[in-house]
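User: Hi, I'm new to this one. Can you walk me through it, starting with the ligand?

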Amino acid sequence: MDTKLKVAVLGTGIMGAAMARNLLRAGHDVAVWNRDAAKTEPLAADGARRATDPANAVEAADVVLTMLYDAAAVEEVIRAAAPGIRAGAAWVQSTTVGVRDVPVLAALAGDVGLDLVEAPVSGTRAPAEAGQLLVLAAAPDALRPRVAPVLDAIGARTIWTGQDAAAGSATRLKLVVNSWVIAASNAAGEVVALAEALDVDPQQFLGVLDGGGLDLPYLRTKMGLITGQGLEPASFAVDTARKDAHLIVDAAAGQGLKLDGAEAFAARLDRVAGQGRDKQDMAAAYYASR
Ligand code: NAP
């Protein structure tokens, strides 16, 4: 590694823990903080410093990385971190947020003295653990080299979408990608439910698709989780997917666009979350049909 950085990872859930671990593997000096402190414990064994609070985590950090549930959590945690922030540190904001949240977070960055890099990621638990995420990022050219060692540690590749992190170009691309992910996952659930109801073997259905243009590896993965009941631990939890589904519906509505499918998928995810399946993989949307 060329540059050893001090990195603070705020949020060590499914994705944040994997990202912190890859930063440690790349030789960076990593401080971790999570609301439920128990989740940072395994990272200490990998060499992370467990911070007592967000301000303690970001002390002397060159780069602050946020991987929290939503924009409200990001705002709350960055405000709590503010007393410890070194002015001019870079902020890699990887939490999936809404189009309307981006300018609010950009203003917050200005208030607390952070240089914002909008950096949502594509890829789930396994690519995160392998350091193979696709990072969708927006930041001025001058700022990019300062965060490149962090983005290289967490991802296989970075797609730069723009110079202005406040303009939300990376978030817009992320929401478009997630609209496809959520549609495909819900379609997998519905096709299994329909096959079962019509007494069709799901494997026979896959046999029809075999090798053709509609034979998606993603469909097979999600069908495997449903039929094998491998819904826990989640790669992408129902509760997180429903948050993103609503961000997609909001983004479309903001443009005067009506996405009937996306609205229905958001409603399905709300319904299964209400069945107590909020922590299961989003493939559990299958149960919305039952
Ligand atoms: P997760 O495992 O549920 O982690 C969520 C994190 O947010 C946890 O650290 C949680 O803390 C924290 N949090 C929630 N509310 C908070 C609050 N009010 N204050 C402080 N911390 C709070 O979810 P994840 O799958 O890692 O997802 C994290 C982000 O990445 C989300 O924005 C998600 O949309 C995005 N994303 C996920 C995937 C995926 O496949 N999983 C892929 C790409 C992007 P506690 O542990 O204390 O609850």
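Analyst: Sure. Keep in mind that this is a predicted model. Start at tyrosine 69: a polar backbone atom there is 3.0 Å from an oxygen atom of the ligand.

User: How much of the ligand does the protein bury?

Analyst: The protein buries 88% of it. That is a share of the 900 Å² that the ligand exposes when taken alone.

User: Which elements give two or more residues to the shell around the ligand?

Analyst: Three helices do: H1 (14-25), H4 (71-81) and H11 (238-254).

User: And which residues come nearest?

Analyst: Ile14, Asn34, Lys39, Thr124 and Ser235. The ligand has 26 residues around it in total.

User: What does isoleucine 14 put 2.8 Å from the ligand, and what does asparagine 34 put 2.5 Å away?

Analyst: For isoleucine 14 it is a polar backbone atom, 2.8 Å from a ligand oxygen. For asparagine 34 it is an N or O atom of the side chain, 2.5 Å from a ligand oxygen.

User: What classes of residue make up that shell?

Analyst: A mix. The shell has 10 polar, 9 nonpolar and 7 charged residues.

User: Which domains does the shell draw on?

Analyst: Domain 1 (6-167) and domain 2 (172-289). Each gives at least three residues.

User: Switching to empty space. How many cavities of 30 Å³ or more are there?

Analyst: The count is 1. About 40 Å³ of space lies in the largest cavity.

User: What lines it?

Analyst: The largest cavity is lined by Gln93, Val97, Val102, Leu105, Leu116, Glu118 and Thr171. Helix H5 (101-112) and strand S6 (114-118) each give two or more residues to that lining. By class, the lining has 4 nonpolar residues, 2 polar and 1 charged.

User: OK, pockets now. How much space lies in the second largest one?

Analyst: About 340 Å³. The second largest pocket has 17 lining residues. Val99, Leu175, Ile248, Ala251 and Ala252 lie nearest its centre.

User: Which elements give two or more residues to that lining?

Analyst: Helix H8 (169-197) and H11. H11 gives the most, with 6 residues. H11 also gives two or more residues to the shell around the ligand.

User: What's the class breakdown for the pocket lining?

Analyst: The lining of the second largest pocket has 9 nonpolar residues, 4 polar and 4 charged.

User: Where does that pocket lie relative to domain 1 and domain 2?

Analyst: Between them, because domain 1 (6-167) and domain 2 (172-289) both give residues to its lining.

User: Last topic, the backbone. Is the peptide bond from glutamate 232 to proline 233 cis or trans?

Analyst: That bond is cis, with omega near 0°.

User: Where is proline 233 found?

Analyst: In the loop between helix H10 (217-227) and H11.

User: And aspartate 199, is its phi positive or negative?

Analyst: Positive. Phi of aspartate 199 is near 60°, and this residue is not a glycine.

User: Where does aspartate 199 lie?

Analyst: Aspartate 199 lies in the loop between H8 and helix H9 (202-209). H8 is also one of the helices that line the second largest pocket.

Definitions and conventions
Residues are numbered from 1 along each chain as its sequence is written. This is a predicted model: local features need pLDDT of at least 70, side-chain atom pairs count only at pLDDT 80 or more; totals for chains, interfaces and linings use all residues. Side-chain values use heavy atoms; hydrogens and water are left out. A residue is near a molecule or strand if one of its heavy atoms lies within 4 Å of it. A polar contact is a pair of N or O atoms within 3.5 Å; within protein, one must be able to donate a hydrogen and the other to accept it, and residues adjacent in sequence count only if both atoms are side-chain atoms. Accessible areas come from the Shrake-Rupley method with a 1.4 Å probe; for residues, only the protein chains shown count as cover. Helices (H or I, at least four residues) and strands (E, at least two) are DSSP runs, numbered from the N terminus. Ala, Val, Leu, Ile, Met, Phe, Trp, Tyr, Cys and Pro count as nonpolar, Asp, Glu, Lys and Arg as charged, and the others, Gly among them, as polar. Domain bounds come from an automatic or database domain assignment. On a 1 Å grid over the protein atoms alone, a cavity is a set of points where a 1.4 Å probe fits but cannot get out, and a pocket is an open set with protein on both sides within 12 Å along at least five of seven lines; lining residues have an atom within 4 Å of a point. Grid points are joined across faces, edges and corners, and a volume is the space filled by probe spheres set on the points.
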